Structure formats: structure tokens, C-alpha cells
Amino acid sequence: MTHKFGFHCNRTGEDVFDAIVRIKPGIIKTLDPNVDFWKRVRDVHPSVFLIGRQYDESQQFADNPKARGRDFASRSLSLEANNANWNGKKLFDAWESFNEIMPESADAGLKHAYDEFQVAFAERLRSGGQEPIAMNFATGNMMGSDFLNFFRGTLETYRYLGFHEYDWPDMWRLHEQGYNEGNGGMWLALRYRRIKDDVRRVYGERHTVIITECGMTQGVQGRNDVGWRHESFPIDEQRCWDSLAWYHDELRRDPYVMGCCLFVVGAIGQWESFEH
């Protein structure tokens, strides 16, 4: 892969296909597992690492985490996309479980329960020939100590760890502020590095990082969760690109990072202000 930019696609369509053909993202994550569309993508970009996420409105797991994990994996495996092949291989490469499931402030019991959920999800998904992606917490949530104290089963089961990283109005804003204040930065964008440093001390090079969402949202500063095109504070295209170029240069320093999924290429509904 010549670059580490990837796409987060909420939908499919000819505009999304055109962007894929032009940019050749190394990773694509989608919420729309349209089999015919992704076969077309494979025809023009066969090496793409294709990730699926099945939307689940309730994201319930705490009452019976193992059973819930197995059930959600079974539902994912039952999708047409997971019974489809392209040139003798699985159409999709990996699947996420739940999305931004809990804040860092969640109690220990809930975190341990989610660990059980993720392990059960992974085991069932792998039995169906698919690879799971763990974690995917909201930006600014969890530390390496959380991963090691509460998610040991997950770390011992998974290969891929997913992260969401956003800032506003520049990707480097809080990192630069923290660095200048002497705390090392890496609290929103690049937080994966702070966490992975702790994890690597115990697990070495076992894990590959995938930034399964990234970009800019006013939500990190307590405003509405809107993106760089929003009328309340639009960011010009060059400023947006400067942020992404800075972030990409940082990712290239870490060989254990597969790439980042820009949120969003192919927006729907409330996410139009994030459209790349």
C-alpha cells in the first residue's frame, strides 16, 4: 500500500465507487454490505482490506455477554456478504463488533463483561471464517491501563485493534497543546500510540492497529457532533487537508498501523457535514 488513507463508507453509490477508483484506499470500512457493489470494487481494487460493521441499535451485552457475543457474530455471519466470495476468497476481510460501546468512566464490571462479549464474538466469527476487530471506543476513551486491566481476554484473542480518533478544528490541536504543556500529547489524535505502547510491553508485536474512524468533529469541544463542512464553523478544504496530511505522516511512523478510515466517504443523514 502506497498510503495509509482509508474510507469509512456509510453507503454505496457511484460517487463512492468513483472515489475508490481514484484514491485506491488501502482499507475500506462499510455499513452497507452490498455484495454486487463490493465485488465491483474488488474487480478494480483487489488488494483492499474490506471491513464490515453491522448496525445494532441496542448494543446490549451486559446481561449475558458470552451469549450476546455469539449471537451478534452469528447474525453478522448470516449476512449475504459473509456468504459471498470473490475469486475464491471471502469478499470481506474482517468485521467489527459493537461501536463506541462505553466511556472510559464505565465501571470495572461493565468493562469485564465487554471483554467476555468480545472474546465470544471473536470465537464465533472465526468459526465462520471471518476475522474480528476489537475495541473501537469513542475518541478520547480508554488508556493502556484499561486495556490491560479489563480486556486481557480480548488482547489474547484478537489480532486487530480498532481506534476512533478525532479533534477540532485541526487534528493536531490537543496533541500539540499537551506536548507544549509537558504531558506528551496524544490524548485525542494519536491516542492509539499511547495505548499501544502499554500493550506492546506485555504482548509485543501481536496486534495490528486500524484507525476505524478518524476526522474532525466539534463534538470533542462539547459542541454538536458535526464535521468540517458544517455551516456553524466550516473549515476550508486546504485546512482539512493539512490536518489529514499531518495525521497520515504520523501514522507512517508506526509500522503496526495498517491505516485510517476517513469519516466519511458516502455520508447519510446527519453525517453529511463530514463528507470527504
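Start by selecting α4 and colouring its buried residues: Lys111, Ala113, Tyr114, Asp115, Phe117, Gln118, Val119, Ala120, Phe121, Ala122 and Leu125. Keep in mind as you go that this is a predicted model.

Now show what surrounds them. The buried residues of α4 pack against two strands, β6 (94-96) and β7 (131-135), and against the helices α3 (65-77), α5 (144-150) and α6 (152-157).

Next, put a distance on the helix itself. α4 covers residues 108-127, and its end C-alpha atoms sit 29 Å apart. That agrees with expectation, because 20 residues at 1.5 Å a residue should span 28 Å.

Zoom in on the two ends. At the N-terminal end, select Asp107, which caps α4 with a side-chain oxygen 3.1 Å from the backbone nitrogen of Gly109. Past the other end, click on Gly129, which follows α4 and has a positive phi, near 85 degrees.

Time to leave the helix and go looking for holes. Turn on a surface and head for the largest pocket, with a volume of about 460 Å³. To centre your view there, select Phe7, Ile23, Leu262, Val265 and His276, the closest to its centre of the 18 residues in the lining. Which element supplies the largest share of that lining? Colour α1 and you have it: five residues come from there. β1 (5-9), α1 (14-23) and α9 (237-251) each supply at least two residues. Colour the lining by class and you'll get eleven nonpolar, two polar and five charged residues.

Move on to the second largest pocket, about 370 Å³ in volume. Pick Asn99, Glu100, Glu213, Asp225 and Trp271 to find the middle; of the 19 lining residues, these lie nearest the centre. The class colouring here comes out as seven nonpolar, seven polar and five charged.

Last stop: a closed space. How many cavities of 30 Å³ or more does a search of the whole structure find? Just one turns up, and the largest cavity has a volume of about 80 Å³. Clip into the model and select Phe137, Ala138, Asn141, Phe163 and Ile195, which lie nearest its centre among the 15 residues of the lining. The elements giving two or more residues to this lining are β8 (160-167) and α8 (191-203). Highlight β8 in particular, since it gives the most, with four residues. By class, the cavity lining holds seven nonpolar, six polar and two charged residues.

Technical notes. Residues numbered from 1 in each chain as written. Predicted model: local features only at pLDDT ≥ 70, side-chain atom pairs only at ≥ 80, totals over all residues. Heavy atoms only, no water. Expected span 1.5 Å × (residues − 1). Buried < 20%, exposed > 50% of the residue type's maximum accessible area, 1.4 Å probe, protein only. Contact = heavy atoms within 4.5 Å. Polar contact = N/O pair within 3.5 Å; in protein donor to acceptor, adjacent residues only side chain to side chain. 1 Å grid on protein atoms, 1.4 Å probe; cavity = no way out; pocket = protein on both sides within 12 Å on 5 of 7 lines; lining within 4 Å. Points joined across faces, edges and corners; volume = space filled by probe spheres on them. Nonpolar A, V, L, I, M, F, W, Y, C, P; charged D, E, K, R; others polar.
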